[in-house]
Structure formats: structure tokens, C-alpha cells
Amino acid sequence: MEKTMKPTLCRFSLAPMSDSFIEIILGAIAKVDTSRVSAVTDEFSTTYRGGRRQVLDALKACFAYSYREGVHMALNAVLEAGCPCRAEEDARVCPAASADETLVNEAGTASLHFKTAVKFSLYSMGDEDYLDRIAPVIAIVKDAGLFVRSDPGATVMQGDVGDIFNCLEAVAAHCEANLKHYVIQLTLAVNLPEEA
């Protein structure tokens, strides 16, 4: 299979359980440096498009900037790359590739640390042997020391937000290199009720 960089799309919604949800959501979205991604926010969600690393850098920033101590919050997202029906649109919308791969939000998020739980499902589109495609991804999570359990159709991991996003980057990099078209459905949650 040809190993080419695929534009990555991430559509996500934040759901903080707080009376200040407007400030939390809009404040986080406004704080993210989106100079390296295409960013569109509508009444339902925000969508980032661009290179894999830049999209995950922006997603991590939005999630980290929305964190409030003691406030339960979830981020529901779909991360995907390689959709053949969107190739022309991706080429038109995504920022031009740059030799400079600087993660523009990293300086602002590197010092932010909090416990994060994640549940995600990987869909390898068009592959009959999709179970064989999922096994290496679970191995990546286990090797990172973040694995909690496998649920029916999903993998659960938990750890520091920085380690979680490093693992998601490794998973997405593996998928980009080995799958024609993949979709990852994920939920990130903080300040879970059972931890209160």
C-alpha cells in the first residue's frame, strides 16, 4: 500500500457539566491556535482538518483549555482519514503542507496535567480482515501503559492527558501508515462522578 500523508479530519463536541458551559466551550475554542488547521465551528460541533499531528495538537489544546478542576466533562469525537469521497474537498479546504511541522499549541499545553479516561473504537473501512487491523492498535495502547480493558467493540485507557494524546498520535500514525481509510470514534472524560 502506498504510504502517503492523508489529510485528517476531527469533528468533536465538548460537554462540560457546568452552568458556565458557554464560557468553557467558547473560551477553549477561541484559545486554540488554528493557524495550521482548517477550523469550522457550527451549532453542533467543531471540525479541524489538516495534517494528523496538527489536528491532534489543536484537539489536545481545545480539550486541555476546557478543563476545570472538579467539573465533569466529556469530549466526543470522530477522527478519520482516507475517505475517498472527500479527497477533492480535503485538497481544497486543508492548509497547504509545510516542511515546518511545529506544533503551535504544544507550548501552551505541555505543562497542563490531569487524569483523563478514554474509550475508543477503530473502524478500518473496506477491510475484511478488520480484526487483524485492530490488534496492533490495542498493542500500542498496552505498550504505552494506558490500557484499562477491552469492552465489546471498544478499548478503554486512562492516564495523564499528555500521555493520552501521545498515545492517540501513535495510534493515528499507525492507522495512517497501514490503513486506506479509517475512522476512530472516541470519548474523552475528566472528573468522573465515581472519582468524586
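**Exercise 1. State how many salt bridges the structure holds, and examine the pair Arg52 and Glu176.**

Solution. The structure, a predicted model, holds 5 salt bridges, a salt bridge being a side-chain nitrogen of Lys or Arg within 4 Å of a carboxyl oxygen of Asp or Glu. In the pair of Arg52 and Glu176, the closest N and O atoms are 2.9 Å apart. Arg52 lies in helix 2 (residues 52–66) and Glu176 in helix 6 (residues 161–178), so the pair ties together parts that are 124 residues apart in sequence. Helices (H or I, at least four residues) and strands (E, at least two) are DSSP runs, numbered from the N terminus. Both Arg52 and Glu176 are buried; buried means under 20% relative accessible area, exposed over 50%, and partly exposed in between (1.4 Å probe, protein chains only). A network of salt bridges links Arg52, Glu169 and Glu176.

As to the basis of these values, residues are numbered from 1 along each chain as its sequence is written, and side-chain values use heavy atoms, with hydrogens and water left out. In this predicted model, local features need pLDDT of at least 70 and side-chain atom pairs count only at pLDDT 80 or more, whereas totals for chains, interfaces and linings use all residues.

**Exercise 2. Describe the salt bridges of Asp151 with Lys119 and with Arg149.**

Solution. Asp151 meets Lys119 at 3.4 Å, N to O. Asp151 lies in strand 6 (residues 147–151) and Lys119 in strand 5 (residues 115–124), so this pair ties together parts that are 32 residues apart in sequence. Asp151 also forms a salt bridge with Arg149, with 2.8 Å between the closest N and O atoms. Asp151 is buried, at a relative accessible area of 18%. Lys119 is partly exposed, at 40%, and Arg149 is partly exposed, at 41%.

**Exercise 3. Give the strand order of the open sheet and describe how helix 2 packs on the sheet.**

Solution. The 8 strands of the open sheet have the order 2-3-1-4-8-5-7-6, with antiparallel pairing; two strands pair if DSSP finds at least two bridges between them. Strand 2 (38–41) and strand 6 are the edge strands, each pairing on one side only. Strand 5 and strand 7 (residues 154–160) run antiparallel and are joined by 6 bridges. Within this region, Thr116 stands opposite Gly159 in strand 7. Helix 2 packs on the sheet, touching strand 1, strand 3, strand 4 (73–81), strand 5 and strand 8 (182–190); contact means heavy atoms within 4.5 Å. The direction of helix 2 makes about 5 degrees with that of strand 1, where axes are lines fitted to C-alpha atoms, for helices over the stretch in contact, and angles run from 0 to 180 degrees between N-to-C directions.
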